[in-house]
Amino acid sequence: MFTRLLGKPNREANALATLDKLNETLEMLEKKEGVLQKKASAELDKAKEHTKAKNKRAAIQCLKKKKLYEEQIGQLANFQLRVHDQMILLEGAKATTETVDALRSAAAAMKAMQKATNIDDVDKTMDEINEQTENMKQIQEALATPIGAAADFDEDELEAELEELEGAELEEQLLQPSTTAPTSSVHAPSGKLPNRPQKQTQEEDELAALRAEMAL
């Protein structure tokens, strides 16, 4: 068991060290590729200059060097691809190992909890919870039952009284004067004001009389 406990950190350390080494190798290859690309570009520029100077032989030599650099660049690209493949495989293997270890730990923890839990104890606990819940429900129902004077109230009588209050409130609202909408301005001749309609004056008088009777 002691060996198994030490094996996991060693595996993780080895995997991390290998990934670091692969990353360093990849960076080195990328730097070399950058240098070779600059050299190939320089040879191409030289070939263009020799071509302008009608120096065909020198231009061909520069193009040959450029081709050699491009071949090395292609090799470095293949090396980088292989390093990438190894990194992906190693990271996948590391993730798989960590997943298996986590599942193994979860299974062991579940097994330990099941050993510590007895089904009879679970049934007993659930029975106690149901009993306490039922007792609490009975207590709440007893507290909600009206006592004293409140128990003698007639619900139908209270409902009828409430309807009377609502009817009186509605009647009061109907008797209140309605707000008149603002009238549009009328351009009357200068010196003359429009007369108020006779019908509107009569309605106002009747409303005032009705209010006086209600005040009595």
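**Figure 1. Polar contact between the side chains of Gln80 and Glu33.** In this predicted model, the side chain of Gln80 approaches that of Glu33 in a polar contact of 2.5 Å. Gln80 belongs to helix α2. With a relative accessible area of 10%, Gln80 is classed as buried, because the cut-off for burial is under 20%. Beyond residues up to four places away in sequence, Gln80 touches Leu26, Leu29, Glu30 and Glu33. Glu33 is thus named both as a residue touched by Gln80 and as its partner in the polar contact.

**Figure 2. The largest nonpolar core of the model.** Eight residues make up this core: Leu22, Leu26, Leu29, Leu36, Ile73, Leu76, Val83 and Met87. Helices α1 and α2 are the elements that contribute two or more residues to the core. In soluble globular proteins, nonpolar side chains tend to be buried together. Among the core members, Met87 is in contact with Leu19, Leu22, Asn23 and Leu26, when its neighbours within four places in sequence are left aside. Two core residues, Leu26 and Leu29, are also touched by Gln80.

**Figure 3. Salt bridge between Glu70 and Lys66 in helix α2.** The model contains four salt bridges, and one of them joins the side chains of Glu70 and Lys66 at an N to O distance of 2.8 Å. Both residues lie in helix α2, where a spacing of four residues corresponds to about one turn of the helix. Glu70 is partly exposed at 35% relative accessibility, whereas Lys66 is buried, with a relative accessible area of 13%.

**Figure 4. Salt bridge between Lys94 and Glu98.** The closest N and O atoms of this salt bridge are 2.5 Å apart. Lys94 and Glu98 are separated by about one helical turn, because they stand four residues apart in helix α2. Lys94 is partly exposed, its relative accessible area being 22%. Glu98 is likewise partly exposed, with a value of 35%.

**Figure 5. Salt bridge between Arg104 and Asp101.** The side chains of Arg104 and Asp101 meet at 2.9 Å, N to O. Helix α2 holds both residues, three residues apart, or about one turn of the helix. Arg104 has a relative accessible area of 43% and is therefore partly exposed. Asp101, by contrast, is buried, with a relative accessible area of 10%.

**Figure 6. The loop residue Lys54.** Lys54 is located in the loop between α1 (2-52) and α2 (56-116). Its phi angle is positive, at about 65 degrees, although Lys54 is not a glycine. Lys54 is exposed, because its relative accessible area of 76% lies in the range over 50%.

**Figure 7. A nonpolar patch on the surface.** Ile119, Val122, Met126 and Ile129 form a nonpolar surface patch of about 340 Å². One of these residues, Ile129, lies in helix α3 (residues 119-144). Ile129 has a relative accessible area of 42% and is partly exposed; this value satisfies the requirement for patch residues, because that requirement is over 30% relative accessible area.

Technical notes:
Residues numbered from 1 in each chain as written. Predicted model: local features only at pLDDT ≥ 70, side-chain atom pairs only at ≥ 80, totals over all residues. Heavy atoms only, no water. Patch = residues over 30% accessible without salt bridge, like charges linked within 9 Å, V, L, I, M, F, W, Y side chains within 5 Å. Areas by Shrake-Rupley, 256 points an atom, 1.4 Å probe, with all protein chains shown as cover. Buried < 20%, exposed > 50% of the residue type's maximum accessible area, 1.4 Å probe, protein only. Core = buried A, V, L, I, M, F, W, Y, C linked by side-chain atoms within 4.5 Å. Contact = heavy atoms within 4.5 Å. Polar contact = N/O pair within 3.5 Å; in protein donor to acceptor, adjacent residues only side chain to side chain.
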